[in-house]
Amino acid sequence: MVLKLAKDYCFDSKGIKMELKVLATDKVEKHESFIIRPRIKVWMARAITFVVLWTSLVQLIALGELLGPSLLKGMPYCFSSPPVEKSLAQAKVVLPPKRIYRNNGYLLVSCNGGLNQMRSAICDMVAIARHLNVTLIVPELDKASFWADLSDFKDIFDVDHFITSLRDEVRIIKQLPPKVKRRVELGLFYSMPPISWSNISYYENQVLPLLLKHKVIHLNRTDARLANNGLPAEIQKLRCRVNFNALRFTTQIEELGRRIVKVLREKGPFLALHLRYEMDMLAFSGCAHGCDIKEEEELTRMRYAYPGWKEKVINSELKRKEGLCPITPEETALVLSALGIDRNVQIYIASGEIYGGEKRMASLLGEFPNLIRKEILLGPSELMYFQNHSSQMAAVDYLVSLESDIFIPTYDGNMAKVVEGHRRFLGFKKTILLDRRLLVHLIDQYYNGLLSWDEFSTAMKEAHAYRMGSPKRRVIIPDKPKEEDYFYANPQECLQLLDEPLEST
């Protein structure tokens with residue numbers, strides 16, 4: 001056998017020349033208990049040669065790695081990979097492993113309400129799908145509410161991130177498989193509104209049997225459908241994981257939020273004021289303090305125009321004294337001043353159009369001249385795509401509110417609660433939670449001359465000293481879930497609490 005190696009260090013079949021001479025005879029050689037024919041000898045020689053060559057090659061590569069890169073410099077590319085620019089190398093995205101389980105059916109979800117009501121509902125629905133071992137279809141967002149926003153899930157949230165980031169918990173797909181979709185189109189599914197504030201046992205005992213029977217369940221209302229308390233720790237932590245990780249806004253919304261925050265930060269600290277004084281809020285709540293007669297009539301007409309708003313006859317002043325109304329822009333100016341907020345601080349108005357317009361904002365602007373709205377910071381072209389999509393605009397306000405030095409909501413609606421909880425999760429960032437019942441009492445006393453400014457300011461500061469978003473336990477009221485502290489405002493199971501004892505306030 002004769003071997004011939006190529007001059008370079010890369011081996012291939014052409015660089016090997018093998019000559020084997022075998023006597024042309026039919027003679028069979030015997031060796032003890034077995035017989036080897038000449039053709040077998042040739043095959044064995046080739047195999048041994050291949051093994052020797054391969055072993056030599058592996059040892060040569062190992063020696064090169066041992067001696068370092070300098071030895072391999074100038075060697076052919078078969079020994080080393082071509083250089084790759086680090087800036088061009090994409091970071092490897094590590095996806096969680098898919099969860100393997102027996103699929104009990106498909107869950108369709110139609111969310112109702114505004115952005116943050118739908119956001120918390122999506123978190124609940126993922127937790128329910130995970131517990132019931134079902135496939136969740138990407139939720140459908142409300143398009144028929146007062147805001148009439150036609151945005152789909154993918155227009156607000158990063159749908160691919162939502163699906164992949166939760167693949168180790170629940171299977172989520174963008175639409176039903178074709179065969180199942182045809183069944184749904186034929187009406188072969190079950191639709192229902194689940195009972196509000198239900199424990200997970202309700203879904204085990206009432207919803208799961210329907211799933212096993214019909215294979216597809218449609219939950220047509222999702223607001224507050226899962227209890228605040230009494231749930232397994234893994235359910236609570238999954239709700240947090242969805243809220244704080246999986247529900248990421250689209251790139252366009254994220255970039256717009258970052259741009260606003262950057263502009264604000266360049267000028268110093270800023271306060272985000274969720275001034276919940278839009279027309280729909282006042283009509284729904286029946287709160288008309290500070291409005292004239294024509295405005296009150298307009299709000300009443302609007303309330304009756306929406307059958308879903310159950311409360312029609314409302315005593316505005318009584319509701320205000322009970323602390324159930326959003327505070328007015330005029331009251332807000334007084335409160336911020338009494339709390340000692342610097343009049344020159346930037347105040348970002350995180351809300352829609354204020355009812356009453358410039359007339360109602362005059363007092364607030366007079367006390368705090370640096371009022372800022374996204375429409376002032378950004379040009380019309382930058383907001384054009386989002387302008388007629390209230391949920392997308394609310395998403396931008398959500399991002400700016402998260403980043404603010406102080407967040408102050410004037411009403412404890414869904415956005416106020418969800419942002420409060422998210423800021424707690426980010427390290428208990430300062431959130432001033434106004435005690436509206438006490439607040440309106442102090443304001444009325446001040447206006448009636450029963451309190452001096454110093455007395456009023458001192459009382460306001462003392463009342464809110466422990467209402468800054470600091471660690472505290474959720475209030476649990478058995479059999480009265482609506483009166484409990486909201487889970488998404490204080491997801492205590494998911495928070496890194498401080499060492500000192502928790503406040504009970």
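**Entry 1: two helices.** I began with a pair of helices and noted that α3 passes α18 in a left-handed crossing. I keep in mind throughout that this is a predicted model. I then looked up the axes of α3 (residues 115-132) and α18 (residues 414-425), which come within 7 Å and cross at roughly 55°. That angle makes α3 oblique to α18, since the label "roughly parallel" is kept for angles under 35 degrees and "roughly perpendicular" for 65 to 115. For the residues that join the two helices, I wrote down N116, Q117 and R119 on the α3 side, which meet N414, M415, V418 and H422 in α18.

**Entry 2: aromatic pairs.** Next I turned to the rings, where the count comes to 16 aromatic pairs. I looked up F153 and F157, whose ring centres are 5.2 Å apart with planes at 45°, so I entered the pair as tilted. Both F153 and F157 are buried. I then looked up F487 and Y488, whose ring centres are 5.0 Å apart with planes at 85°, so this pair went down as edge-to-face. Both F487 and Y488 are buried as well. Going back to F153 and F157, I found that ring pairs link them with F162, F249 and Y398 into a cluster.

**Entry 3: charges over rings.** Lastly I asked myself which residue has its charged end over the ring of F487. I found that R239 does, with its charged end 4.3 Å from the centre of that ring. I noted a further case at Y304, where the charged end of K312 sits over the ring, 5.8 Å from its centre.

Note on methods:
Residues are numbered from 1 along each chain as its sequence is written. This is a predicted model: local features need pLDDT of at least 70, side-chain atom pairs count only at pLDDT 80 or more; totals for chains, interfaces and linings use all residues. Side-chain values use heavy atoms; hydrogens and water are left out. Rings of Phe, Tyr and Trp (its six-membered ring) pair if their centres lie within 6.5 Å; planes under 30 degrees apart count as stacked, over 60 as edge-to-face and the rest as tilted. Buried means under 20% relative accessible area, exposed over 50%, partly exposed in between (1.4 Å probe, protein chains only). A charge sits over a ring if NZ of Lys or CZ of Arg is within 6 Å of the ring centre and within 35 degrees of the ring normal. Axes are lines fitted to C-alpha atoms, for helices over the stretch in contact, and angles run from 0 to 180 degrees between N-to-C directions. Helices (H or I, at least four residues) and strands (E, at least two) are DSSP runs, numbered from the N terminus. Angles under 35 degrees count as roughly parallel, over 145 as roughly antiparallel, 65 to 115 as roughly perpendicular and the rest as oblique. A crossing is left-handed if the near helix is turned anticlockwise from the far one by less than a right angle, and right-handed if clockwise. Contact means heavy atoms within 4.5 Å.
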